[in-house]
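The following paragraphs lead through one protein model, moving from salt bridges to enclosed helices, then to strands and the surface. Please keep the structure in view while reading.

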Amino acid sequence: MCGRSPGVLSSLLPPRRNFQSHRESTAGNSFVVPGPPAAVGARYIVPLQPAINAAWDWSSFLAPKIVHVDVDAFFASVEQALDPRLRGKPVLVGRGVVASASYEAKARGVRTAMSFRDALRLCPKAIVVPGQYEHYADFAARVQRILVDFTPAVECAALDDFYLDFTGTDRLYPDFPAMLRRMQLRVEKEMGISVSLGAATTKLVASVASRLQRPRGFGIVPPGTEENFLTPLPVEKLHGIGHVHATTLRERGVNTIGELRKIPIVALVATFGEVVGRQIAERARGLDDRSVHTPLEPKSISRETTIEGGTIDVEFLCALLEYLAERVGSTLREHRRQARSIALRLRYTDFLSAARSARLTPATNDEKSLHTASMELFRALYTRRVALRFVGISVTNLEPERRQNDLFDAEPNRRWYLHRGVDRVRHRFGWNALYYGKGLELREHYATKPNGLVLSTPCLSR
């Protein structure tokens with residue numbers, strides 16, 4: 001790949017072979033024999049050995065059992081679950097670009113991140129839904145609660161992306177595949193949305209197995225068969241290889257993961273760089289030492305919004321900053337954390353961006369202190385007479401909340417008790433039960449929802 005032609009690179013690869021290894025069990029499940037399977041992405045992937053014709057006995061393995069759970073077309077599926085009239089119809093979710101598309105729309109060629117103009121050209125009858133984050137967060141939390149019933153080791157990689165660790169549960173679940181089926185069916189029955197499952201010894205292989213045949217995908221790759229499973233798959237199926245990387249590989253005659261595995265690491269590093277090149281080489285061999293991590297304390301917290309059309313109204317921007325600081329402070333207190341650094345990001349309508357950070361002394365989760373610091377940053381950053389289209393506040397360097405009453409200044413003590421009282425009221429009656437003065441002004445510009453204002457935020461986030 002270091003300046004070589006496709007023909008020269010092709011000489012590095014083994015000759016292609018055709019395998020006929022697909023069989024059917026008496027139970028109707030598809031099985032794949034070790035070696036490149038003829039039917040990649042079968043619903044049930046288990047190796048058969050000459051003396052074994054029944055389901056694989058997973059209780060005989062002591063190897064890690066990592067399961068990847070992926071919610072099918074998450075945003076669109078939630079909208080269809082909430083509104084039965086949308087079931088069976090092409091649904092697009094997002095603002096400006098497609099954040100999620102139902103499988104009815106995907107069948108017409110619609111893809112995520114496609115502009116609505118292109119999506120509606122491919123699927124004119126698609127129903128466009130702007131989306132509401134609180135619904136998706138609620139469904140994601142409910143799915144996670146179901147998964148936790150099967151194992152406490154659940155890592156939420158994204159709203160619709162979960163990794164589970166079933167290592168050491170052989171006595172609890174002697175029939176591992178049947179347990180996964182029960183889990184999959186329970187999510188669909190209770191939530192009205194489907195999920196795809198993949199099980200393997202690593203996160204990498206499990207995520208590939210879950211995504212091979214969606215919706216309602218089901219794939220199991222037992223220990224020792226990872227390389228054989230990955231070998232016939234297209235290179236773009238490998239996690240970490242995007243469209244650009246896949247195109248570069250195909251231009252050089254590398255179409256499958258098995259062919260990619262034959263490329264020298266030196267060539268991959270020369271083409272993609274040291275970090276990416278070595279990562280691709282390792283993943284092509286199914287190597288992945290990442291473990292499943294249970295939820296950790298947040299490293300940073302941010303709240304931001306896009307202002308449609310932009311604005312130069314300083315009073316409105318100050319009210320927006322106060323609201324964002326209030327949301328950041330509330331989230332910090334929810335996690336019992338306090339921040340030592342705060343940053344402000346601005347983006348103008350001509351797409352010029354500006355950002356600045358400051359140190360918070362002492363560390364705090366007091367929204368008034370956060371608002372004061374953000375206003376100082378705003379006055380230093382907003383120097384152009386151009387409308388702003390994006391405002392965002394983030395806090396970092398988080399640490400556990402440590403507080404004691406101030407002996408000489410009673411104001412911080414009063415604010416501490418005030419914030420806890422406000423948090424309790426909002427927890428019981430919703431965010432809209434209480435507003436600061438400038439927050440009331442924002443209600444003239446934005447609609448409200450149970451957990452606050454309906455802001456236009458990136459990726460349908462908070």
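A residue is called buried here when its relative accessible area is under 20%, exposed when that area is over 50%, and partly exposed in between. Because Glu-236 has a relative accessible area of 38%, this residue counts as partly exposed. The model in which these values were computed is a predicted one, and that should be kept in mind throughout.

Glu-236 is a useful place to begin, since its side chain meets that of Arg-250 in a salt bridge, at 2.9 Å from N to O. Arg-250 lies in helix H9 (residues 243-251), whereas Glu-236 lies in the loop between helix H8 (226-230) and H9, so the pair ties together parts that are 14 residues apart in sequence. Like its partner, Arg-250 is partly exposed, with a relative accessibility of 35%.

Over the whole structure, a search finds 23 salt bridges, and two further pairs involve helix H13. The side chains of Glu-322 and Lys-368 meet at 3.1 Å, N to O; Glu-322 belongs to helix H13 (residues 314-334) and Lys-368 to helix H14 (residues 367-381), so this salt bridge ties together parts that are 46 residues apart in sequence. Glu-322 is buried, with a relative accessible area of 10%, while Lys-368, at 28% relative accessibility, counts as partly exposed.

The other pair consists of Asp-423 and Arg-333, whose closest N and O atoms are 2.7 Å apart. Since Asp-423 lies in helix H15 (residues 410-429) and Arg-333 in helix H13, the contact ties together parts that are 90 residues apart in sequence. Here Arg-333 is buried, with a relative accessible area of 8%, and Asp-423 is partly exposed at 22%. Elsewhere, Asp-149, Arg-186 and Glu-190 are linked in a network of salt bridges.

Which helices are largely enclosed by the rest of the structure? Helix H2 (residues 74-82) is one of them, because eight of its nine residues are buried, among them Phe-74, Phe-75, Val-78 and the charged Glu-79. Helix H7 (residues 203-210) is another, because eight of its eight residues are buried; the buried residues include Lys-203 as well as Leu-204, Val-205 and Val-208.

Turning to the strands, an open sheet of three has the order E5-E4-E6, with mixed pairing. Strand E5 (100-101) and strand E6 (127-129) stand at the edges, each with a single partner strand, so one side of each is left without a neighbour in the sheet. Strand E4 (residues 91-93) pairs with E6 in the parallel sense over three bridges, and Val-91 stands opposite Ile-127 in E6.

Strands E12 (residues 337-348) and E13 (residues 353-364) run antiparallel and are joined by eight bridges, with Arg-345 standing opposite Ala-355 in E13. The hairpin that these strands form has four residues between the strands, and in this hairpin Phe-351 takes a positive phi near 70°.

At the surface, finally, Asp-313, Glu-315, Glu-441 and Glu-444 form a negative patch. Glu-441 is found in helix H16 (residues 437-442), and because its relative accessibility is 42%, this residue counts as partly exposed.

How values were computed:
Residues numbered from 1 in each chain as written. Predicted model: local features only at pLDDT ≥ 70, side-chain atom pairs only at ≥ 80, totals over all residues. Heavy atoms only, no water. Patch = residues over 30% accessible without salt bridge, like charges linked within 9 Å, V, L, I, M, F, W, Y side chains within 5 Å. Areas by Shrake-Rupley, 256 points an atom, 1.4 Å probe, with all protein chains shown as cover. Salt bridge = Lys/Arg side-chain N within 4 Å of Asp/Glu carboxyl O. Charge placed at Lys NZ, Arg CZ, Asp CG, Glu CD. Helix = DSSP H or I, 4+ residues; strand = E, 2+ residues; numbered from the N terminus. Buried < 20%, exposed > 50% of the residue type's maximum accessible area, 1.4 Å probe, protein only. Pairing = 2+ DSSP bridges.
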